[in-house]
Every structure is written in structure tokens, then in C-alpha cells.
Amino acid sequence: MHTHMYINGRYHKITILYAVIGPSQHGFMRGRSCLTKLISFYDKITHLVNQGKPADMIFLDFSKVFDTVSRRILLDKMSSIQLNINIIQWVSNWLTGRAQRVVVNGATSGWRSPVGSPRAPFYSILGPILFNACINDLDVGLEGVLSRFADDTKLGGVFDSVDDGKALQRDLDRLESWAITNHMKFNKSKCRVLHLGRGNPGYTYRLGDEMLESSPAERDLGVVVDSKLNMSQQCALAATRANCILGCIEHGIASRSREVIVLLFSALVRHQFKYCVQFCAPPYKKDLTLTLESVQRKATKVVKGLEGKTYEEQLKSLGLFSLEKSRLRGELIAVYSFLMRGSGGAGTYLFSLITRDRTHGNGVKLR
């Protein structure tokens, strides 16, 4: 990740190599996203469940983490990853003696120091980079699988025996100790456990002194995941949201022209279907055709001048694809991103590659 800063009349580039930020972090990293985080983490978990092994996922919630990061700890960690001393000194100067003011319509307030001055200001351009460096060691020494998107953190692992449960508990103890050492804390009332797989005994975990509650389903980066790893509930929710937005368009917009309806549908409605669809693909045909595709069918009927045409003809006239074709296109793009753009190294174990010359210049071919 690269950030440019103006220092002494010249632009200097601060480079935090991707190798420095661990592969478990998907937030604020080029080539990584909500999608790569979901796919890379759940690929490991579903692999265990498909082998007939129970697994547990623990959803962790930090409490106001962006407001509690210590400047001193941040600078110490930047030193530990062997960044250039000049960069560390510049960041130290940038964090020291900061003041802020509000400007509204040309009127300005007085300069004031931010609340909690010993803390690092992460609501800035540099903030995400510095935050990743600060929590980069969160997964050090853990036995289970940890995945992060900024401060959104999940811990997962197999549960073949009580010893496996104790291993996950040791990880939770390490995370609690890490949070105390780094002057952070978990919002324990919002932390949840999701038990997966047949025969899962429902082991009880604690974080610090508080027992964690189990849940039949949890929202993960906007996607509802249940204990059966079934995406039907997510499809129903997406269709409900899309129907509500489409209804607002239908009742609030007088125009029925192709240009207006397609523009609004593409910008506001279709996004509900496309978000992380490569991860939460409809598991059953009824989820795609009866639940999701029905919303798009309804949208095509709103456009004036398409009466009497079949659904496929309507889509062709509007320049749209069916949701099934759109999903296939999205999956191909996701595969390319995993293989060619890094994506946190997830592609190295998601796909088996064959190196051949006859690949039309791409250099890789799937096995």
C-alpha cells in the first residue's frame, strides 16, 4: 500500500509492504476486500465441515477500537517491523500536537486538540495504514484460524474433541491478553459463537471473565451466515431489500422510460444481488429464480414499451443479463482477482494451477 506525503517541498513515498501486513488482514489492503475475506476464511471452515468435522466460529467485537489506540504502542510496533527511522520520526511528529477545527460555509471554529490526545487519530488518510500496522500482531501464537477486515475479527477452528475446544479457549485467552496489553477491549456482550457441523456439542467459551453466548445465525460483513452455512436466509433478505427499493422507485418516480428505470435499477436495486454474490451464491434454484430473479422480472415490467415481450427479450432490450449470468461473470472476475492481484495470497490454496505457455498471455491455467 502506498501513501504520498508532502515533506520539505518533495513527495516522499511511505511503503508498507504487503509482506509486513499479515494475510489475515483484508481491510484497507489493495487487492483484498470483504469478498476475499469471506471466501478465504469460510473456505477453511467449510472444508472442515465437509469432512464431517464439527467447527466453531467466534465473532469478536472490539469496543471503540479506533479511539483507543495508543500512540506510543503504535510507534513501538512500527519500530518492531523495521520501518525506516525517518518514516517513524515523521509519523511521530504527525501524531504530536495535532489540532482540528470545523469549517461550514466559510465560517471556521477555533482550533482545538482532539479528545483523547494520547490516542492516535485514525480518521485520516494515513489512519487505516497505521491501524493495520498496530494490530498486525493480533494473530501471533494462535492455534485456530483468525480473519480480519480492519477491526472486524473472527476466530475459527475444528472441534473434534474437548482438546480442540480448549485450544480455541487458549486462543481467546491470548486475544484477551493482547487487548489488555495494547490498551484495547472487547465489547463482550456483542461477541457470539456459531457452532457448525453435525454432532457439534456446543462447547461454551469465555472471553476474560464473561461467558460468550451462542447464536443460530450471525451477520458477517453484511452477509447472514447460519449454523448450517445455508445462504437461503441471505437471499431472502437481499430480495426483501431490493423489493423495497424497487417499490420506492415505482411509486416515487413518474418516468417509465428505459434510461431512467435502468439507471435507477442498476444503481440502487441490482447492487443488493451483487454484493459478495460469489460467496453467498443462491444454494437452491428456488432462491435464484423465485426469490431473486423475480425482483428483476418485476423491474422489467416497470419500463414502458416492453409489454408483450418475454423476460429474455426484455433483458436484451434493456441491455441487462439474467442474475445467473451476472453471477457467473462475477465469479470469473473474482477468480482472476484471486490469481492475478494477490488477494491476500488466498488464491494459492483455493485453486490448483498449471504453468503453461499457451494461456493467451495470462501465464497461469487452472487444473
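Here a colleague asks a modeller how the labels on this predicted model were reached.

Colleague: Happy to have you here! What should I know about the model before we start?

Modeller: This is a predicted model, where local features need pLDDT of at least 70, side-chain atom pairs count only at pLDDT 80 or more, and totals for chains, interfaces and linings use all residues. Residues are numbered from 1 along each chain as its sequence is written, and side-chain values use heavy atoms, with hydrogens and water left out.

Colleague: What is the average pLDDT of the chain, and which stretch is below 50?

Modeller: The average is 85, and 86% of the residues score at least 70, pLDDT being the predictor's confidence in each residue, from 0 to 100. Residues 1-14 are below 50, although this stretch has 29 contacts in the model beyond near neighbours in sequence; a contact means heavy atoms within 4.5 Å. Where pLDDT is low, the predicted coordinates should not be read in detail.

Colleague: Good to know. What makes β6 and β11 stand at the edges of the sheet?

Modeller: The open, mixed sheet has 5 strands in the order β6-β7-β3-β8-β11. β6 (145-149) and β11 (213-214) each have a single partner strand, so one side of each is left without a neighbour in the sheet. Strands here are DSSP runs of E, at least two residues long, and helices are runs of H or I, at least four, numbered from the N terminus. Two strands pair if DSSP finds at least two bridges between them; β6 and β7 (residues 152-158) are antiparallel and joined by 5 bridges, so the pair meets that rule.

Colleague: Why is the contact between Arg174 and Glu143 called a salt bridge?

Modeller: The rule asks for a side-chain nitrogen of Lys or Arg within 4 Å of a carboxyl oxygen of Asp or Glu. The closest N and O atoms of Arg174 and Glu143 are 3.5 Å apart, so the pair qualifies. Arg174 sits in helix α5 and Glu143 in the loop between α4 (127-134) and β6, 31 residues apart. The structure holds 13 salt bridges.

Colleague: Which residues of the Asp287 and Lys286 salt bridge are buried or partly exposed, and how do you know?

Modeller: Buried means under 20% relative accessible area, exposed over 50%, and partly exposed in between, with a 1.4 Å probe and protein chains only. Asp287 has 3%, so Asp287 is buried; Lys286 has 46%, so Lys286 is partly exposed. Their salt bridge spans 3.4 Å from N to O.

Colleague: Lovely. Why is the pair of Phe62 and Trp178 called edge-to-face?

Modeller: Rings of Phe, Tyr and Trp (its six-membered ring) pair if their centres lie within 6.5 Å; planes under 30 degrees apart count as stacked, over 60 as edge-to-face and the rest as tilted. For Phe62 and Trp178 the centres are 6.3 Å apart and the planes at 70°, so the pair is edge-to-face. Phe62 lies in the loop between β3 and α2 (71-80), Trp178 in helix α5, 116 residues apart. Phe62 is buried at 8%, and Trp178 at 9%.

Colleague: And what makes the pair of Phe62 and Phe186 stacked?

Modeller: Their ring centres are 4.5 Å apart and the planes are at 25°, so the pair is stacked. Phe186 lies in the loop between α5 and β8, so the pair ties together parts that are 124 residues apart in sequence. Phe186 is buried, as is Phe62.
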